[in-house]
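Have a look at the model below, and let's talk through how its labels are earned. Each answer sets a value beside the cut-off it is judged by.

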Amino acid sequence: MKTILPGQTIGIIGGGQLGRMMGLAAKEAGFRIAVLDPTEDSPCGQIADYKIVAAYDDETALNELAKMSDVITFEFENIDYEGLKKLSEKAYVPQGADLIRITQNRINEKTEITAAGAPVAPYVSADSFEELERKIEKVGFPCVVKTAFGGYDGKGQMKIDSMDQLEEARSLFEHSSCIAEAFVPFTKEVSVIIQRGVDGQSYCLPIAENIHKDHILHESIVPARINAGVTEKAIEAAEKIANHLELIGTLAVEMFVLTDGNILINELAPRPHNSGHYSIEACNVSQFHQHVRAVCGWPLREPKLWAPSIMVNVLGEHVEPLQKEIGSYPDWSIHLYGKAEAKEKRKMGHVTIMTDDLKKTLEEIEASTVWFNK
Ligand code: AMP
C-alpha cells in the first residue's frame, strides 16, 4: 500500500462525468490527472493534464497510462477485466481487478452479495433460454430478466408477467447469460455509497432516496425518507458487502425498500455514483474527494450532511430550458459536464439544491419548466 501525494499523477480509466468530477476533486489538492478515453473531447479529458485517446482495452494505451500514473483508478465497471488484471501487475491499482470481475457480471455480483450475508430477491442464472425455461419456476412471475453483462439505465432487461410471455426474453441471450429475479414490489429505492480506505476504515454517505423515470435516475433526495430501522439495515448490508469484497475506494449499493421495512440489494457499482453527486455541495467530504483519499492511501473523513438536499439530473432535453431558468434560481448549483451533443435522455449534467424544506423544494422543481413540460 502506498501514499500518493499532491504533485503525483492519478490515472483514470474512462473520461465521462464521473472521471471529470473525480479529477476536479483531485486537482483541488494538487494532483495531476491522466485519462484514458476513446473520445477526443471527453468530459474528463477537458480537465485532465494528460490525455490518452484510445480504446479502454488497448494494451499500448494502458501501458502508456501505467507509465505516466502513480496510481490508477476507474470511473466505470465495463472495462476489460483481463486487461485491468494485467495492468495491475505493472501499475498501482489499489482497487484491484477482482472488484471489476464481480460487479460487471450480475451473476458474480449476486453470488458475492449473498456470500457477504446481504439479502437479494430470489433469482436464478441461466446460460441459455432453455435453461431459463427449466429454472424459472423457482422465481415465478412477475419477474425481471436481465443480461449478466453490459446493462445500464434499464437497458438489457425485461419484466415478464407470465410463462406465455417468457419467449420475449429469448433475445436477451444474444448478448450474454442472464439472470431472472423476482419482481420486487418496493416502496422506495435507496442507495448507500460506502467508501473504504487502505486501512479498512469505511464510511457511508448519508443515504439517498432515488426516483427513476424511464429507468434513468431523475432525482435523489437526501436524507432518504426512511426510518431509523431501515437506515440501520441498509448501512449494515453495505458494510457487510464492502468488508466481504475487501473494498478499497467506492462502492454504490442500490437497494429496494419493502413495505415491511426490510431491504433487498438490487445492484452494485464499484465507483462514485449518480445518486452521490449531492455530496459535492451538501457534505463536508464529497464522494469524489473521499474516493481520491481512499485510492491515494489517505485516511477517510467521516461524512456529515450540511443540509437536506435534492439532486436532479439534467438530460439532453433539459439543457435548453435549464439555461433559460438559471437566473430565477440562485439556490440551484448547476453542473454541466461539457458534453458537446445534447441528445435526448443523455446525462448532460445535474442540479443540486440544498434546502431546509424538502417538500417546498420538491414543489419548486415540479413547478419549473426544466423537467416538466408545461
Ligand atoms: P437495474 O439496472 O438492475 O438497476 O434496474 C433498473 C431499474 O429497474 C431499478 O432501479 C428498478 O427501478 C427496476 N428494477 C430492476 N429490478 C427490479 C426488480 N427485481 N423488481 C422491481 N423493479 C426492478
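Q: Why is L5 called partly exposed rather than buried or exposed?
A: This is a predicted model, and in it L5 has a relative accessible area of 46%. Buried means under 20% and exposed means over 50%, with partly exposed in between, so at 46% L5 is partly exposed.

Q: Where is L5, and what does L5 touch beyond its neighbours in sequence?
A: You will find L5 in the segment before β1, which covers 9–13. Leaving aside neighbours within four places in sequence, L5 is in contact with F31 and W298; contact here means heavy atoms within 4.5 Å. As for L264, 259 residues separate it from L5 in sequence, and the C-alpha to C-alpha distance is 39 Å.

Q: What makes T103 a buried residue?
A: Its relative accessibility is 7%. The cut-off for buried is under 20%, so T103 counts as buried. T103 sits in helix α4, residues 98–103, and, not counting residues up to four places away in sequence, touches E77, E109, L251, L268 and P270.

Q: How do you know that C204 is in no disulfide?
A: A disulfide needs a pair of cysteine sulfur atoms within 2.5 Å. For C204 the nearest cysteine sulfur belongs to C283 and is 12 Å away, so C204 does not meet the cut-off. The structure as a whole holds zero disulfides.

Q: Is C204 buried or exposed?
A: With a relative accessible area of 16%, against a cut-off of under 20%, C204 is buried.

Q: What rules out a bond for C296, and why is C296 called buried?
A: The closest cysteine sulfur, in C44, is 14 Å from the sulfur of C296. A disulfide requires the pair to be within 2.5 Å, so the distance is too far for a bond. The relative accessibility of C296 is 0%, which is under 20%, so C296 counts as buried.

Q: Why is D214 called exposed?
A: D214 has a relative accessible area of 58%, and exposed means over 50%, so the label fits. D214 lies in the loop between β11 (208–213) and β12. Its phi is near 50°, a positive value in a residue other than glycine.

Q: What makes E246 exposed, and where does E246 lie?
A: At 61% relative accessibility, with the cut-off at over 50%, E246 counts as exposed. E246 lies in the loop between α7 and β13 (249–257), and its phi is near 50°, a positive value in a residue other than glycine.

Q: Which residues does a cis peptide bond join?
A: One such bond joins F141 and P142, with omega about -5°; P142 lies in the loop between α6 (129–135) and β6 (143–147). Another joins V222 and P223, with omega about 0°; P223 lies in the loop between β12 (216–222) and α7 (228–244).

Q: Stepping back, how many helices and strands does the protein have, and why is the protein called as compact as a globular protein of its length?
A: The protein has 11 helices and 17 strands. Its radius of gyration is 20 Å, and the globule rule gives 21 Å for 374 residues; the two values are close, so the protein is as compact as a globular protein of that length. Of the 374 residues, 56% are buried.

Key: Residues numbered from 1 in each chain as written. Predicted model: local features only at pLDDT ≥ 70, side-chain atom pairs only at ≥ 80, totals over all residues. Heavy atoms only, no water. Helix = DSSP H or I, 4+ residues; strand = E, 2+ residues; numbered from the N terminus. Rg over C-alpha atoms; globule rule 2.2 N^0.38 Å. Buried < 20%, exposed > 50% of the residue type's maximum accessible area, 1.4 Å probe, protein only.
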